[in-house]
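Q: Could you take a close look at the surroundings of the bound ligand, and then follow the strands and helices in the rest of the chain?

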Amino acid sequence: MQIKVLSDDLASRIAAGEVIERPASVVKELVENSLDAGSTRVDVQVVGGGVKSIIVIDNGTGIPSEQITTAFERFATSKIDESSDLISIPTLGFRGEALPSIASVARVTAVSMSKGADSGTKYYVDFGRPGSVETIGAPQGTRIEVADLFNNTPARLKFLGSAGRELSRLQSIMASLALVNPHVAFSLVADSRDRLRTTGSGKLTDSIAGVYGQKIADQMISLEPDGSSAFSVDGLVSSPSLTRANRTYITISVNGRWIQSRRLSYAIEQAYHGFLPERRFPFALLRIRTPLDDVDPNVHPSKAQVRFLREDLVFSIVQRAIRGILSASAPIHEIGASRAAASFGLLGRVDLAEAQSGTRELGMPSTQGSLIQRPDLLFKIAQKQPTEKQTDIASHIAESGNTPHETLPVLRVIGQIHETYIVAEGPEGLYLIDQHAAHERVTFEMVKERFDNNGSEYQPLLEPLTVDLAPGMMTTVQEHQHDLNKAGWKFEEFGKNSLIIRSVPGPLSVRISGDGAGQVLVRVLDELASGGTGDTWSDRLLATIACHASVRAGQSLSIDDCKNLVRQLEESDRPNTCPHGRPTIVRLSVNDIEREFKRR
Ligand code: ADP
Ligand code: MG
C-alpha cells in the first residue's frame, strides 16, 4: 500500500482509542474539565452503564460561544500555550484531546453559558461530524451529553463489559474524583438511582462519608500536614481495625490530581505492616503536595499516572507519616467493632462478599451465645481523632524516625479461659488477651532486638539434621544465608538439594524438637520463595520464629504465667497487635455490659 497521511476522521478515531477506552474514561475527562473550569458542583447522570448516555453538568466558567466549535478540535486547549514548558502544569487537562476524542466516537451535545454572557450556546457533533451552533438560554456552566458511545466502533463496543461492570468502573472513578476534591459537591445518578453524593464542604471526612458512608468516616484517623517543607502529605487513613480484602479503597492525589500508583499504594500497605493481618488492606485518602516541576503528568493520554523526580523521597514521606500516626494512636480492638465496619451501607465501592462475611477478623473463637450477637451492639471503635498532642508526636516521628510506645491500660489479671484467652479487668471494661498472639508479640520483639544487635541465640543440635529442599530452593538459601545465619540457623549445603542443619534459633529449641525446628526453616524458605522478600523480609523471618517459639492456644497457664505474660506485653513497643497484625487484646466496654443487662 502507498504511504499517505490518514484523514482527520480516522486519525481522531485512532487517537480517541487512547484517551477514551470506556464510559468511565468519558466521565473522567468531562469531570476533570468541569474541575478545571472552577466548578463547585458537578452532577453526573448515566444510563445503561454510560454506554447509552452520560450527562455531566457543572457550574463552572463555561465556554464562550465563539469558542465552542474550537473546543472540539484536536489539540485545542485553553490551558497551555506556546510559552508553557510542560513541566509545571497546574490544570488537570492540557492535551486538548478529550472533547474531540469523545465526539469522534459518540453523539455529543454541548450546552454552555460562559460567565457574564447574555446567552448560552448549543453545539451538536455527530460521531465527528460538526453540526449547527444555536443560541439558547442556559444557566451558567456547561452541560455535556454523550450518547451512543462507540456505536461507530463495533470493536470497542464488543470489548466493553456488561452495563453493571461499566457502571461500577465509572462509579469508582467518580468516587476517587469526589474524594480528592472535597470542596466540590458531586452527585452520580445511574438509571435514576442515586449512587454517590458529596456535600462539597471542603472537609475530607465529609467526602469519605458521601462515598463510603458515615460509619467508615468515623473510623478514619487524620494525617495532619507537616506544612514545613515543599513536600507534604495529609489526608485520612483507616484505623487498623477497619480493613478490606483489596486495594481499591486507597485513593491518592498529587497536587490535586487523582492518580493511580502501584508503588505509592505499596508504600501505604507497607506502612501498615504489622498493624493489619496478611492480605488485608486499609482505606486511605492521601493528598501529596510537591513542587509542580517535581511531577510529570504527561506520561499517558489518560493522565492517571505521574512520574516523580524524587520518587524515593515521596515514598518515604508517605510511609513515615502513616507509620507515625498509626504507632501514635493504635487502638485496642473493641469487640464487635469489625462487624460494625463490615455492615456499613455505603454508596461507593461495596465489597459484597466481604459485607456478608462479617465477623471474620474478630479475634474471638465464635459468636455463639455470646454478647456480641446483637446488631445494636455495634459500638464505636475506641479510636478517636488523634489529639493535638498525638499529631505532634506523629510529626516528631516523621522527623526522627523513632516509634513511640503504645500503651496498654493497667490490667488486673483474673484468669484463663478456654486454655487460650487471659481475662483481665481494666479501667474501661473487660479485656480478653489471646495468649498465643500476646506471647508472639513479646517473643518477636525480643528476637528482633537480638537480631538487630547481632546477638541472636542459637542452639547447636546434638545430631545434625538433614532437610531436603524443593528444586530451585538452594538459590533462595544462598541469597538469604546471611540473615538466616544471623537468626541462629547454621547449616551447610549437602548435595544439590539438601541442607545439614547444625544449629537452630535459641527460642525455638525451648518449645519444639530439633526436627521441628528444622521444619520451621523449610517453612521460612517456602515463604521466601513465594515472594516474601523486600525490606520486611527479616521481620517476617523473625515473626515465624516468634510464632513457633510461643505458647500455643489450648495450653493451660497458671495465674502467675498469665500475669507474667500480661506484664511482658505491657512492656512491649506495640502491645496491641501480634507481628502478623492480628489483635492481641480486645475489649468489652462497661457501657456495653451495662446495656446488655438493661441497666441503661
Ligand atoms: P483540555 O482539557 O486538555 O484542554 P479538552 O478537549 O478536554 O482539552 O477541552 C478543550 C477545551 O474546552 C478546554 O481547554 C476548555 O477551554 C474547554 N472546556 C471543556 N470543557 C469545559 C467545561 N466543562 N467548562 C469550561 N470549559 C471547558
Ligand atoms: Mg480536558
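A: What follows begins with the ligand site and then moves on to the sheets, a hairpin and a single aspartate. The model is predicted, and the distances and angles below should be read with that in mind.

Around ligand 1 there are 20 residues, and those that come nearest are Asn33, Thr77, Ser78, Lys79 and Gly96. By character, the shell around ligand 1 divides into 8 nonpolar, 8 polar and 4 charged residues. Among the polar approaches, a nitrogen atom of ligand 1 lies 2.9 Å from an N or O atom in the side chain of aspartate 58, while an oxygen atom of ligand 1 is 2.9 Å from a polar backbone atom of leucine 99. With threonine 142 it is again the side chain that takes part, one of its N or O atoms being 3.4 Å from a nitrogen atom of ligand 1. Of the 530 Å² of accessible area that ligand 1 has on its own, the protein covers 92%. Helix H2 (23-36) and helix H4 (98-104) are the elements that give two or more residues to this shell, and the largest share, 3 residues, comes from H4.

Further along the chain there is an open sheet of 5 strands, in which the order is E9-E10-E13-E11-E12 and the pairing is mixed. Its edges are formed by strand E9 (220-223) and strand E12 (257-259), each of which pairs on one side only. From one strand to the next, the twist averages 15°. At one edge, E9 pairs with strand E10 (residues 232-238) in the antiparallel sense over 4 bridges, and serine 222 stands opposite leucine 236 in E10. Helix H7 (residues 204-212) packs on this sheet, where it touches E9, E10, strand E11 (250-254) and strand E13 (284-289), and its direction makes about 40° with that of E10.

A hairpin comes next, built from strand E17 (residues 412-417) and strand E18 (residues 421-426), which pair in the antiparallel sense over 5 bridges. Between E17 and E18 there are 3 residues, and in this turn histidine 418 has a positive phi of about 60°. Isoleucine 417 stands opposite tyrosine 421 in E18.

Another open sheet has 3 strands in the order E20-E22-E21, with antiparallel pairing. Strand E20 (458-468) and strand E21 (490-494) each have a single partner strand, so one side of each is left without a neighbour in the sheet. Neighbouring strands here are turned by 15° against each other on average, direction ignored. E21 is joined by 5 bridges to strand E22 (residues 498-505), the two running antiparallel, and phenylalanine 494 stands opposite serine 498 in E22. Helix H17 (residues 514-529) lies across E20, E21 and E22, and runs at about 60° to E20.

The last stop is aspartate 539, which lies in helix H18 (residues 537-548). Leaving aside residues up to four places away in sequence, aspartate 539 touches His273, Phe444 and Lys448. With lysine 448 there is a polar contact between the two side chains, at 3.1 Å. Aspartate 539 and phenylalanine 444 are 95 residues apart along the chain, yet their C-alpha atoms are separated by 8.6 Å.

Key: Residues numbered from 1 in each chain as written. Chains lettered and ligands numbered in written order. Predicted model: local features only at pLDDT ≥ 70, side-chain atom pairs only at ≥ 80, totals over all residues. Heavy atoms only, no water. Near = heavy atom within 4 Å. Polar contact = N/O pair within 3.5 Å; in protein donor to acceptor, adjacent residues only side chain to side chain. Areas by Shrake-Rupley, 256 points an atom, 1.4 Å probe, with all protein chains shown as cover. Nonpolar A, V, L, I, M, F, W, Y, C, P; charged D, E, K, R; others polar. Pairing = 2+ DSSP bridges. Axes fitted to C-alpha atoms, helices over the stretch in contact; angles between N-to-C directions. Contact = heavy atoms within 4.5 Å.
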